[in-house]
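The exercises that follow are meant to be worked through with the sequence and the 3D view side by side. Try each task before reading its solution.

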Amino acid sequence: MLASPALSDLVLSKVDRRIYLTSHIVRISSTLEVENAGPETVSKVLLAFPDLQAQNLAYLMASPHEAKAKVKVSVVSFPIDVVKPEDMPPGVTFYSVSLPQGLTVGASFTFDVLAVFTHALRPMPEQIGQADIQLVLYQDSAYYLSPYVVKVQSLSLKLLDSRIESYTTLESTKVQGSEIKYGPYENLPAFSSSPITVHFENNLPFAIAQELVREIEISHWGNVLVTEHYKLIHGGAQSKGEFSRKFQGPSAVRYLVAHLPPRAHSVYYRDAIGNISTSHLRGDSKKTELLIEPRYPMFGGWRTAFTIGYGLPLQDCLYESEGRRFLNITFSSPMIELVIDTLIVKVVLPEGSSDISAAAPFFMKQWQETKISHLDIVGRAVVVLEKTNLVPEHNQYFQVYYKFNRLSMLREPLMLISGIFFFFVACIVYMHADTSISKFSASYLAKQQWEEVRVAIQQVHNIICRCLATHDKLEASLRDLSRTGEVQACKAARKSTDGLLKELSKELKPLMTFLQSSPSAVQVLSKVEELVAKERELLEKLMAKHSTAVEAYEKKSGARDIENRIALQQQKITALRQEVDDLLEFIDEI
Amino acid sequence: MAAPETSTAAVPTLYTNNTLRNAFGGVLSFFILLLIGVMAFSIRLFSVIKYESVIHEFDPYFNYRVTQFLAKNGIYEFWNWFDDRTWYPLGRVIGGTVYPGLTLTAGTIWWLLNSLNIPLSVETVCVFTAPIFSAFASWATYLLTKEVKGTGAGLTAAALLAMVPSYISRSVAGSYDNEAVAIFALIFTFYLYIKTLNTGSLFYATLNSISYFYMVCSWGGYTFIINLIPMHVLLCIVTGRFSSRLFIAYAPLVVLGTLLAALVPVVGFNAVMTSEHFASFLVFIIIHVVAFVYFIKGILSPKMFKVAVTLVVSVGLAVCCAVIAVLIALVASSPTKGWSGRSLSLLDPTYASKYIPIIASVSEHQPPTWPSYFMDINVLAFLVPAGIIACFLPLSDASSFVVLYIATSVYFSGVMVRLMLVLAPAACITSGIALSQAFDVFTGSIKFQLSGASSNTEVDAAETSSSTAESQTDAVKTEKPEETAKNRPSRKSKKKEREHGEKPSTKAKAEKKRLLALPLESSVISLLLLVLLGAFYVVHCVWAAAEAYSAPSIVLTSRSHDGLHVFDDFREAYAWLRHNTDVDDKVASWWDYGYQTTAMANRTVIVDNNTWNNTHIATVGTAMSSPERAAWEIFHSLDVKYVLVVFGGLVGYPSDDINKFLWMVRIGGGVFPHIKEPDYLRDGQYRIDSQATPTMLNCLMYKLSYYRFVETDGKGFDRVRQTEIGKKYFKLTHFEEAFTTHHWMVRIYKLKPPKNRIRGKTKKSKSKTSSTTSSPKRSGTKKKNPWQ
C-alpha cells in the first residue's frame with residue numbers, strides 16, 4: 001500500500017478486451033500493456049471493476065502475456081483500501097496486481113487478465129414458454145474501466161452462432177458473424193465509460209449448483225472415495241405456461257458432462273430415492289467422461305438434487321514428502337460449465353491422522369470436524385473448505401497434508417478379528433458352563449440323584465425284562481420238548497439260558513449296589529430288591545420245573561405224570577410271575 | 001444343536017456310539033442350517049443385483065417412511081406421531097394405527113449398527129431386513145419341524161422354506177413389508193407352542209407369549225395364530241389328548257398373550273372386544289373345565305364321579321346356554337357382528353365384493369387361480385398330501401397341529417391370494433416331512449439290501465441311523481407318560497396300557513421295517529426321482545426369485561431387440577414433485593400412489609394405501625369420475641394443487657388409472673350416488689374408444705390421461721386397451737399440464753387458480769358462475785361478488 005503509485009504515473013498503452021459470451025459464464029480476457037510514465041519504479045497495477053460486476057466476479061487471474069508457463073500473480077482483493085478519496089469515483093472495486101518485477105521508468109510490460117463472471121447474463125424476457133428460445137442481456141462498458149489513461153483500446157464480444165436481438169451501436173461498431181467489435185478508441189481518460197447492452201439468444205443450459213458438497217474420503221487400503229452432492233437449478237429464464245412432452249425446450253438442461261480423473265472406478269449416480277438410470281460412462285487413458293441426465297429435463301427455474309460418486313486409486317492422488325503424506329486432488333466439481341454458488345469440500349482423513357494442514361491456491365474458509373464412520377472409535381479428522389461463487393477455472397489442485405502411521409491401518413481389522421474371537425470364546429464358555437442358579441441347593445442335588453436313580457432303575461427294569469424273556473425261552477424249550485421229545489435240544493437251551501442269565505445277574509450287581517448306596521433311592525429300594533428277589537425265586541422255580549420235566553422225559557414217564565409233577569410248580573411260577581409283573585409295572589412308573 | 005441326547009433310555013451298549021454319531025450329526029446339521037440361512041438371504045438379493053438397492057412397491061414405502069421418522073425422532077415421538085402429510089385435511093395418527101413390529105425391528109437394527117459406528121443408511125437397513133428375517137424364518141421352520149418329526153424333516157423343511165417362491169415374493173431385498181418379519185414370528189410362535197406342548201415347560205410357554213406379542217406387533221395376521229392354536233387345543237381335548245402340557249401350552253398364552261397384545265396401540269381393546277379373539281377365550285374356558293373335570297375324576301371314586309357329572313352337566317348346560325345366548329345377542333347387535341371387514345371376507349369370500357369395494361379392489365385380496373398355486377408353492381403342492389399322511393403315522397399332538405395348520409391355511413389361501421403366504425410355511429413343513437420320510441425309507445432299504453439280511457447287527461445299526469426321526473418321536477413319547485404319571489396317579493393304568501402296547505410295537509417296528517424294505521432297484525430309482533423333483537423345485541424357485549419377483553415395480557424394464565429399456569417414470573415424477581413444487585402443496589391421486597408420493601415426493605396427499613376412510617377415497621374417486629368443472633370444485637375444496645394420474649397407454653403399462661377407473665367409479669358411487677357405474681359403460685362394456693359414453697369421455701380421468709395424447713402418434717392409439725381413443729382433441733379449462741414423464745406413465749396437472757370475476761363477463765358465462773355460487777364449498781371461502 002505504501003508503494004501505491006500516483007495514478008497518473010502509469011499509462012495503459014494498449015488494452016485489448018475480448019468478452020466471451022458463449023456460455024452462461026462470462027469470461028473477459030484482457031491484454032494490458034502497461035507503461036511507466038512516472039518518475040519511480042512501480043510494482044503494482046490496479047484493476048478496476050464496477051461494483052455491479054465485482055459482485056459477480058468469481059475468478060481473476062493475471063499472467064504475463066508471452067510466457068508459456070503461467071506465473072500466478074497474486075490476486076489480492078482489497079476493494080475499500082485502495083479507493084483514493086480525492087479522485088476515485090464511487091461504485092468501483094479495485095484489485096491490485098503485483099508485477100513479477102518492478103516496472104522501471106519508461107519501461108512497459110504486457111500481461112493478460114482473465115476475469116470470470118457468473119450470473120452476469122440476465123434472461124430477458126424473464127419468463128418464457130417451454131418451446132421458446134432464451135434471450136439474455138449483457139451489459140458492459142465499451143471503454144475499459146481503468147484508473148489509468150488508456151491510449152489504445154478495443155473490445156470484442158464473442159457470441160454464439162445465433163440470433164442477436166439487439167446491441168448498442170456506438171461509433172466504429174462492427175458485427176462480424178457472431179462477433180461484435182467496438183473500437184479502436186484512442187486516448188481516453190481514466191474512468192471513462194460508455195455503457196453497451198447486447199441482447200442475444202443463448203440457449204445453453206444455465207446449470208447452477210446452488211450447493212455442492214464434495215466429500216473426499218481417503219482409505220489407505222488403496223482407495224480415495226469421492227462423493228458429490230449436487231443441488232442444481234436451471235438459472236435461465238423461468239419456465240411458464242403449460243408443460244408438454246412434445247417440445248424439447250431449447251434451453252433445458254438435458255444432460256451434464258463430468259470429466260472425471262482417468263482411472264476413476266465404481267462410478268454411481270443416484271438421488272434420495274434411488275439410482276438414476278440415465279447415464280453413460282466412457283473412459284480412456286486421459287480422462288473418464290461421465291454423461292449424466294437428470295431425472296427430468298430441467299426447464300428454467302426447475303431444481304433437482306443428485307449425488308455422484310466415484311473411487312480413485314490411492315497412488316493417483318496421494319503422495320509423500322518429508323515424512324508427511326499429502327492428498328493432491330482437484331478442488332471443484334468435475335462438471336463442465338457449471339457455476340457453483342457454494343462449495344463445501346470435506347476431506348476425510350483416516351482415523352489416527354495428525355498434523356493436518358491444507359494448502360489451496362485461493363482464499364477460502366477452512367475448519368476441521370470429526371466424522372465417525374465404519375468401526376471408528378475416536379472418529380476421523382475432516383478438513384472442511386468452503387468457498388462461494390465458483391467457476392470451472394477454480395478446478396485446480398489443492399493439497400491436504402497429514403501424518404499417518406501405517407500401523408493404524410491394522411486397527412480396524414484387528415478389532416473385528418478380536419471381536420469375533422471373543423464372541424466365539426464367549427460361546428465356548430457359555431456352552432461349557434452350567435449356568436443353573438440352584439446348583440448347590442439341596443433340591444437340585446436331590447433331583448440330580450433322583451435322575452441317576454431313575455436311570456439305574458430303568459436299567460434294572462430292562463435287565464429284568466430280558467431275564468423274563470429268557471424265562472420265556474426256557475418255557476418255549478419245554479414246550480418244544482413236550483412236542484418233539486428231544487431232550488438234548490432242551491438241555492442245550494437250558495445251558496445257553498444259564499449263561500445268559502449269569503451275565504444278566506452280573507450286570508445287575510453294580511446297579512443294585514449303586515441303588516443301595518444312593519440315599520434318594522431308599523423309598524424304592526425295597527421294591528427293587530423285592531423284585532430282584534422274586535425274580536430269583538421265579539428263576540429257581542422255573543429251573544426246578546425245567547429239570548423235573550427234563551428228568552421226567554429222560555425217564556420216559558408218561559405225559560400225565562409229568563404234568564402232575566409240574567402242575568404244582570407251575571402254579572407257584574404263575575403266581576410269582578404275576579407278582580414280578582406287578583412289581584415291574586410299579587417300578588416302570590417311578 | 002440337534003438334540004443329541006434323545007435316546008438315553010435306549011440300549012446302553014449303543015449309547016457311546018450314539019453320542020459320537022449325534023455330535024457329528026449336530027455339527028453337520030448346524031452347518032447345513034447355516035448354509036440354509038445364507039441361501040435364504042442370498043436368493044433374495046436378485047432384486048438388488050438386477051435392479052438396485054431400493055424399496056419396492058407401495059406399502060414398503062410407507063414402512064420406510066415410518067422407519068425414517070423413528071430413526072430420526074426416537075420411539076416416543078413415533079408413538080405420538082400425527083402425520084399431517086397424508087389424508088389431508090384429516091391426517092392420520094401413525095403411532096396408533098400402524099403395526100409397529102417391522103418398523104421397530106428395522107429401527108432397532110439401525111440404531112444398533114449406528115451405535116457400533118457402522119453408519120448404514122436407514123434405507124439399506126430396510127432393504128435388507130426382509131432377507132435377514134427369511135433366514136430366521138427358515139431356522140424357525142427347522143425348529144418347528146424338528147419338534148414334530150425330527151432333525152431330518154426339520155432340515156428338509158428349512159431348506160424348502162428358504163426358497164419357497166410364495167415367501168420370496170414378499171421378502172425379496174427391498175420388499176420391506178410387515179409379512180417379511182411376520183412369517184418368522186408366525187413360525188416361531190408355532191414352534192414355541194409345540195415345544196411347550198412337548199415339554200410342558202412354563203419357560204417355553206412364556207417365550208411363546210412374547211413371540212406372540214412380537215407377531216401381534218408385526219402383522220394383522222396374528223388372528224390366525226390366536227384362532228389356530230385354540231382350534232388345535234380343542235382338537236386335542238376332543239380326541240382325548242388332554243394333558244397338563246396342553247394346559248401349560250395354552251393357558252399362559254391366552255392370558256399373557258392377550259395382555260401383551262392389548263399393549264400394541266393398533267390392537268388395544270380389540271384384543272378382548274372383537275370376535276376374532278372369542279374363540280381363544282371360549283377354548284380357554286373349556287380347557288379349564290376339562291382340567292377341573294380331570295381333577296375331580298382323580299379325587300372321586302368312579303361312582304361318585306358319575307353322580308357329580310350328571311349334576312354338573314345339567315346345571316352347567318343351563319348356565320352355558322344362558323351365557324352363550326347373551327354373547328350371541330351382544331355380538332349380533334353390532335352391525336358387522338364384531339368382525340372386521342377383512343376377517344369377514346375370509347369367512348365369506350363373497351362378502352367384500354358385495355359390501356366393501358375398497359377391499360375387493362385390491363388385487364391381492366382376490367382369490368388365487370390354480371396356476372398361482374403352482375407358481376407359488378410348486379412341487380410342494382404334490383408333496384403336501386404325502387406329508388399329511390406321514391403326520392398321521394404316528395399321530396402325535398405336534399403332528400396333529402401341523403395337519404390342522406395345513407388344512408386351515410389351504411382354506412385361507414383359497415380365499416385371498418395374499419394368504420398364500422401363510423400356506424407356504426405349512427406346505428414346506430409337511431413337504432419336508434414327506435421328503436425326509438421318503439428318503440428314510442429309500443435309503444434305509446438300500447442300506448438293508450446292500451448289507452444283506454444275514455448280518456443282523458448291521459441292520460440294527462442301519463435302522464438306528466435311518467430312523468433318527470422315529471427314535472426321537474419315540475423318546476418324546478416315552479417321556480410323555482412318565483410325566484403325566486407323576487401328576488395323575490389315577491390315569492396311570494390307562495396310560496400304561498398304551499405304553500405297553502407301544503413298547504413291543506417299537507420292537508416290532510424293526511421287524512416290520514425289515515419287511516417293508518423295498519427292492520434295491522426301485523428304491524434307487526425312486527430316490528433319483530425324488531432328487532429330480534427337488535432339483536425341479538430349486539430351479540423353479542431360483543427362476544421365480546430372479547425373474548418373477550425381483551422387480552421393484554417402481555422401475556420397470558423391458559427387453560427388446562435393441563437392448564434393455566428402463567422405465568423409471570414413477571421416480572421421475574416423484575422427483576419432479578419433490579424438487580419443483582412447494583413443500584406444502586397437496587397432491588391428489590388415486591390411493592395406490594399415496595404412500596409413494598408421501599415417501600418419495602415428500603408431498604401431502606389426500607388419500608393413501610391405508611384405506612381407513614372410505615368417504616375420503618370416495619371423494620377422490622368422485623372427482624376423478626366427474627367432469628372437469630365439478631372435479632375442480634372438489635379438488636379446490638380439498639386445497640389440492642396438483643393432480644397425479646398414471647397412464648400406461650403410450651408404452652402399454654397395464655395397471656394404470658384408466659384400468660382402475662371402474663373401481664373409482666364404484667367406490668365414489670358408493671358414497672355419492674350421483675356417480676353411477678352404468679353411465680360409464682356402453683352396454684356393460686368398459687371402453688374408451690369412440691363408442692364410449694359421453695360421461696366417460698368427459699370425466700376428469702379420461703381427460704387427464706389422454707390430454708394431448710393424440711400428438712404423440714397422430715391417432716391416439718392406446719396400447720393397453722388396443723384401441724384408438726374416443727375423444728382426441730380437447731382442451732383443459734381448469735387444469736394445466738405441469739409435468740409428464742418420459743414415457744407418459746405419470747402425468748401431473750396443476751389446478752388453475754380460480755378466475756377473477758370481471759363485471760363484463762358475468763353475463764357471458766352465466767351458467768358457469770351460477771354453478772360456482774351454487775357450490776357451498778367455494779362460496780364459504782370466497783368473498784361474494786357485490787355486483788352479482
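**Exercise 1. A network of charges**

Which residues are linked with A:Arg380 and A:Glu412 in a network of salt bridges?

Solution. Keep in mind from the start that this is a predicted model. Begin with the pair itself: A:Arg380 and A:Glu412 form a salt bridge, and their closest N and O atoms are 4.0 Å apart. This pair links distant parts of the chain, since A:Arg380 belongs to strand β30 (residues 380-390) of chain A and A:Glu412 to helix α4 (residues 411-432) of chain A, 32 residues apart. Next, extend the search outward from the pair: A:Glu215, A:Glu217, A:Lys371 and A:Asp376 are linked with A:Arg380 and A:Glu412 in the network. Finally, consider the cover around the arginine: the relative accessible area of A:Arg380 is 10%, and because buried means under 20%, A:Arg380 counts as buried.

**Exercise 2. Two further salt bridges**

Find the salt-bridge partner of A:Arg214 and decide whether the two residues are buried or exposed.

Solution. A search of the whole structure, over all chains, finds 48 salt bridges. In one of them A:Arg214 is joined to A:Glu228, with 2.9 Å between the closest N and O atoms. A:Arg214 lies in strand β16 (residues 207-219) of chain A and A:Glu228 in strand β17 (residues 223-234) of chain A, so this salt bridge ties together parts that are 14 residues apart in sequence. For the second half of the task, compare each value with the cut-off: A:Arg214 has a relative accessibility of 1% and therefore counts as buried, and A:Glu228, at 0%, counts as buried too. Chain B offers another case to examine, in which the side chains of B:Asp718 and B:Arg721 meet in a salt bridge of 2.7 Å from N to O, and both B:Asp718 and B:Arg721 are buried.

**Exercise 3. Reading a sheet**

Work out the strand order of the open sheet that contains β12 of chain A, and name its edge strands.

Solution. The sheet consists of four strands in the order β8-β10-β15-β12 of chain A, and the pairing is antiparallel. Its edges are β8 (122-123) and β12 (164-167) of chain A, each of which pairs on one side only. To follow one pairing in detail, take β12(A) and strand β15 (residues 195-201) of chain A, which run antiparallel and are joined by three bridges. A:Ser166 can serve as the starting point here, for its bridge partner in β15(A) is A:His199.

**Exercise 4. Backbone exceptions in chain B**

Locate two cis peptide bonds and two residues other than glycine with a positive phi.

Solution. It helps to recall that most residues other than glycine have a negative phi, and most peptide bonds are trans. One cis peptide bond joins B:Tyr88 and B:Pro89, with omega about 0 degrees, and B:Pro89 sits in the loop between β1 (82-83) and β2 (92-93) of chain B. Another runs from B:Leu393 to B:Pro394, with omega near -10 degrees, and B:Pro394 is placed in the loop between α20 (380-392) and α21 (397-415) of chain B.

Turning to phi, B:Asp639 has a value near 70 degrees and is found in the loop between α30 (628-637) and β7 (642-646) of chain B. B:Arg708, with a phi of about 60 degrees, lies in the loop between α33 (700-706) and α34 (710-713) of chain B. Their surroundings can be read from the accessible areas: B:Asp639 is partly exposed, with a relative accessible area of 41%, whereas B:Arg708, at 18%, is buried.

**Exercise 5. Patches on the surface**

Identify the residues of a positive patch and of a nonpolar patch.

Solution. The positive surface patch is formed by A:Lys502, A:Lys506, A:Lys509 and A:Arg536. Helix α6 (residues 487-517) of chain A supplies the largest share of this patch, three residues. A:Lys506, which lies in helix α6 of chain A, is exposed, with a relative accessible area of 63%.

The nonpolar surface patch, of about 730 Å², is made by B:Leu311, B:Val312, B:Val315, B:Val319, B:Val323, B:Val326, B:Leu327 and B:Leu330. B:Val319 is found in helix α15 (residues 302-333) of chain B, and with a relative accessible area of 48% B:Val319 is partly exposed.

Definitions and conventions
Residues numbered from 1 in each chain as written. Chains lettered and ligands numbered in written order. Predicted model: local features only at pLDDT ≥ 70, side-chain atom pairs only at ≥ 80, totals over all residues. Heavy atoms only, no water. Patch = residues over 30% accessible without salt bridge, like charges linked within 9 Å, V, L, I, M, F, W, Y side chains within 5 Å. Areas by Shrake-Rupley, 256 points an atom, 1.4 Å probe, with all protein chains shown as cover. Lys, Arg positive; Asp, Glu negative; His and termini not counted. Charge placed at Lys NZ, Arg CZ, Asp CG, Glu CD. Helix = DSSP H or I, 4+ residues; strand = E, 2+ residues; numbered from the N terminus. Buried < 20%, exposed > 50% of the residue type's maximum accessible area, 1.4 Å probe, protein only. Pairing = 2+ DSSP bridges.
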